[in-house]
Structures are given as structure tokens and as C-alpha cells.
Amino acid sequence: MPAEMISEETPSIQGQPAEGLTADVSATLRTSTVRADTSPARRIPLAFGDANIPAPSVLAKALATHTHMNAYGPVEGASTLRDAAAGYWTRRGLATDAESVLAGPGSKALLYALVLSIGGPIAIPQPSWISYAAQLRMIGTKPVSIPISDHDGGIPDPGTLATIATAARQMGTPLKAVIVTLPDNPTGTLASPETVEALCAVAREHEFTIVSDEIYRDLVHDPAQTFLSPSQLAPERTVVTTGLSKNLALGGWRIGIARFPNSEVGDALKANVLGIASEIWSCASTPVQEAAAYALSEPPEVTAYLDSARELHARVAQAVMAVFRSVGALTPLPAGAFYLYPDFEPLQAALWSARQIGTGSQLVDHLRQAHGIEVLPARVFGEHHDPLRLRVATSQLYGTTSEQRAEALNSSDPANLPWISDQLHCLERALRGLCES
Ligand SMILES: Cc1ncc(COP(=O)(O)O)c(C=O)c1O
């Protein structure tokens with residue numbers, strides 16, 4: 001075909017054939033599907049990161065009163081929700097105006113739109129939530145995985161981050177962003193204010209964006225513990241994302257929000273994410289946005305619910321931690337949410353001689369096949385060499401019926417409720433037997 005016949009309007013001739021994308025179902029979500037087909041009596045489900053408590057009844061009512069809102073809403077989110085989100089962040093020391101807020105169908109979708117807008121290279125902590133690495137691969141970039149320092153999960157070690165940022169710049173491929181998780185999934189820890197400060201200093205020096213995933217922020221177990229968001233120290237370059245899936249147990253409602261920096265970088269990113277939103281989800285569910293706006297205004301019922309949820313997560317996570325520690329697995333004290341990250345390295349020789357278990361994946365397979373215990377290997381969170389380490393989500397222990405879950409939420413001693421303590425005893429017996437031949 002003569003060149004002059006190829007016009008702008010013939011993209012199929014001009015463009016390269018597109019490569020198809022291969023994506024697997026995330027390992028954590030796969031465990032939620034297994035839950036539906038297996039008999040609960042035979043399982044101790046410790047894999048799926050759902051809050052597993054009933055939705056706050058005031059929010060169920062708020063949702064019900066808005067179901068008549070059937071038309072599409074604004075792409076950026078309803079003004080009621082954006083105003084309420086601005087108030088939520090402002091009350092947490094981050095002065096925010098509604099213009100800086102975008103809503104989406106879950107923070108996961110917003111995170112994807114963000115990384116798609118930013119492009120690679122993007123650094124993530126190692127270990128980190130499964131979907132960061134998966135989403136980066138989906139946009140065609142390899143995640144730059146940087147180990148965390150001890151007990152400071154969710155943030156790449158700032159010294160190593162600085163070294164890698166310098167090397168990346170020298171190679172002509174400067175880092176564009178880092179994603180951090182405060183508090184963290186999978187480790188359950190909360191990075192210290194010093195680490196957040198060091199992170200912000202590196203980001204400023206190397207001029208990259210910080211994406212701060214704060215979806216577990218309201219579930220820091222000790223409300224007196226200092227929570228420092230990078231957006232307080234590097235406001236010009238930090239995007240904060242959060243949602244209602246974890247704190248208010250509304251994962252199935254699919255609602256998330258992002259707070260963009262008030263800067264040139266922030267405006268450009270926000271405009272791009274808005275464009276992506278308009279082409280992919282159009283708007284978040286309008287009735288859900290209205291219920292979320294009410295939740296983010298933090299009426300007393302929501303605050304009381306949150307206090308109970310935080311207490312439940314803390315007590316059960318600590319009871320499970322005690323079981324793992326009692327058999328010799330190194331298990332950091334959880335600071336937030338419902339995750340533990342026990343390390344069986346000290347039991348390496350014993351595990352090998354008793355059961356020829358040498359990797360985290362083998363340990364996971366053995367626990368599932370021999371005892372019906374479902375956990376995930378650290379490998380799926382980006383750890384190299386399949387270490388003898390597990391990610392344990394403790395919230396599925398709360399019960400299998402709405403009554404059990406509601407009772408757990410309202411109990412002052414949930415670990416001693418019969419259905420929870422039974423599972424804790426089974427877990428302990430199984431772990432004790434691991435090293436016995
Ligand atoms: C660290 C982290 N960020 C984001 C999400 C996704 O949350 P959402 O339900 O808002 O998409 C999860 C869910 O497991 C998570 O663990």
C-alpha cells in the first residue's frame with residue numbers, strides 16, 4: 001500500500017499488533033472462592049483478607065435510602081462523598097478540599113489507574129500486598145522490589161531505596177514512584193515515623209511520587225500510636241488512597257477514594273486518573289457513594305463500630321500470634337489490621353528432619369493437606385527463595401454465620417468464644433505436631 005494511503009484513520013495498518021495480557025486471579029481472592037465450596041468444619045481459614053464482620057447497620061440503612069439514585073454520577077465522585085472525604089482527612093491533620101478527592105469502585109481500581117498514569121519504574125516494598133506487583137506487570141513494567149527493614153513493613157528500606165534511586169537515575173531510567181502501605185499487609189506492622197521521614201527525604205531528593213495506601217489506617221490497634229502519613233511531610237508529591245473495605249467491612253460494596261496533592265504533579269495525575277476512570281468505570285456506584293459519604297462524616301454509631309472492630313482485630317490477632325510464638329515461630333507483634341507474618345526459620349532443621357519441609361510453599365501445602373489450615377506463603381508477597389514464612393489473616397476465625405460474627409464484634413473477650421478458641425486449639429495442636437516425627 002502506498003504510504004500516502006495510510007492515514008491517521010487507519011490504526012490497524014499503522015499500529016503494532018497488540019500483545020494480549022495474561023493475568024491470574026490474585027492468590028488472596030482465590031482463597032475466597034475455595035471458602036464457598038469446602039465444608040467449614042474441616043478448615044481453619046487463615047488466608048483471605050476480608051474483615052469478616054457484619055456491615056454497620058446505620059450504613060446498610062443509608063444505602064437502602066439511596067437505591068433510587070440510578071443515574072450515572074460524576075466521574076470524579078459525588079460532591080457529598082468528596083466533601084465528606086475532605087472532612088475525614090482534615091480531621092486527621094491533612095487539610096483537604098473536596099477538589100483534591102476522586103472516588104472509585106474500590107481503592108484497588110484507583111491504585112491501578114494511578115500506576116497506569118505514572119508508568120514505570122515504580123518501587124514497592126518486599127514483601128508487599130500481592131496486587132501492587134501484579135498491577136505493575138499489567139501496565140508492562142517490572143516492579144522494583146526493595147526489602148523492608150526489620151519490623152518496618154510497608155516501606156522499602158530508605159537507605160536501599162536511595163541507592164536504587166541513584167542507580168536508576170544514572171542509568172537514565174529514574175524512579176517515578178514508590179508505593180507504601182501504612183499499616184502494612186502482609187506484615188501487620190506500622191512503619192515508624194522516622195522511616196516515613198527518611199522515605200520522604202529520599203522521594204524529595206529524587207523527585208518521585210509517593211503513593212501511600214492507607215486502607216488500614218483506622219485499624220491501627222492502639223489509637224495512641226503515632227501514625228505519620230508521608231502526605232504530612234511531602235504533601236506536594238504524595239497521593240493517599242483508602243476505602244471502606246477494611247475499617248467498615250464493606251469490601252463487597254466496592255468504594256475507594258484517593259487524595260491528590262495540591263501541586264502541578266498532583267493536578268496532572270488527577271486529570272489522568274479521571275480520564276482513565278471515565279473510560280473504565282464511569283463512576284462508582286451512586287447509592288454506595290451516598291452511604292460512604294455518611295460513613296466518612298463519622299457519626300457516633302460509625303465511631304463506636306470502628307472502636308469495636310479495632311478491638312476485635314487486635315485481640316484475635318494477638319491470640320493467634322501467641323500460638324505461633326509458642327511453637328517457636330518469630331512473629332512480629334501486629335500493630336494494625338488482621339495480619340500476622342510468622343517466620344519459621346528458627347525451626348528449619350526440625351521441620352526438615354521431621355517432615356522434609358524446606359520452603360514456605362511446602363509448609364503451606366502440608367498445613368492445608370494434613371490439617372485443613374489455609375495460609376499463604378511469603379513467596380506470593382514478593383519474597384525471594386520461598387522462605388519458611390507465612391501470611392496469616394486472622395479475621396476468618398470470627399465465625400461462619402452473621403450471628404457468630406456479630407457476637408465476636410461485640411465480645412470483650414472474643415478469643416474465648418467457643419468457635420474461636422476451638423480453632424485456636426486446633427491450630428496449636430497442628431503447629432506443635434509439625435516438628436514431631
Ligand atoms: C494493602 C491493600 N490495599 C488495597 C486493598 C484493596 O482494597 P479495596 O477493597 O479498597 O479495593 C487491599 C485489600 O486486600 C489491601 O490489602
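Which polar side-chain atom lies 2.8 Å from an oxygen atom of the ligand? In this predicted model, one such atom belongs to the side chain of Lys 246, at 2.8 Å from a ligand oxygen. A side-chain N or O atom of Arg 254 is likewise placed 2.8 Å from an oxygen atom of the ligand, and the backbone of Lys 108 contributes a polar atom 2.9 Å from a ligand oxygen. Considered alone, the ligand exposes 400 Å², of which the protein buries 92%. The surroundings of the ligand comprise 13 residues, and those that come nearest are Ser 107, Asp 213, Tyr 216, Ser 245 and Arg 254. Sorted by class, this shell consists of four nonpolar, five polar and four charged residues.

Tyr 216, one of the residues that come nearest to the ligand, also belongs to an aromatic cluster, which it forms together with Phe 338 and Tyr 339. In total, six aromatic pairs are counted in the model. One of them joins Tyr 88 and Trp 89, whose ring centres are 6.0 Å apart and whose planes meet at 75°, an edge-to-face arrangement. The angle is the deciding value here, because planes over 60 degrees apart count as edge-to-face. Both partners are withdrawn from the surface: Tyr 88 is buried, with a relative accessible area of 3%, and Trp 89 is buried as well, with a value of 1%. The rings of Phe 338 and Tyr 339, by contrast, have their centres 5.0 Å apart and their planes at 55°, so this pair is classed as tilted. Phe 338 counts as buried at 0% relative accessibility, and Tyr 339 counts as buried at 1%.

The ring of Tyr 88 takes part in a further arrangement, since Arg 92 lies over its face at 3.7 Å from the ring centre. Tyr 88 is thus paired edge-to-face with Trp 89 and is also covered on a face by Arg 92.

With regard to the cysteines, the count of disulfides in the model is zero. For Cys 426, which is in no disulfide, the nearest cysteine sulfur is that of Cys 435, at a distance of 18 Å. A disulfide would require the two sulfur atoms to be within 2.5 Å, and therefore a separation of 18 Å does not qualify. Cys 426 is partly exposed, with a relative accessible area of 33%, whereas Cys 283 is buried, with a relative accessible area of 15%. The latter value leads to the buried class because the limit for that class is under 20%.

Terms used:
Residues numbered from 1 in each chain as written. Predicted model: local features only at pLDDT ≥ 70, side-chain atom pairs only at ≥ 80, totals over all residues. Heavy atoms only, no water. Phe/Tyr/Trp six-rings, centres within 6.5 Å; stacked < 30°, edge-to-face > 60°. Buried < 20%, exposed > 50% of the residue type's maximum accessible area, 1.4 Å probe, protein only. Lys NZ or Arg CZ within 6 Å of the ring centre and 35° of its normal. Near = heavy atom within 4 Å. Polar contact = N/O pair within 3.5 Å; in protein donor to acceptor, adjacent residues only side chain to side chain. Areas by Shrake-Rupley, 256 points an atom, 1.4 Å probe, with all protein chains shown as cover. Nonpolar A, V, L, I, M, F, W, Y, C, P; charged D, E, K, R; others polar.
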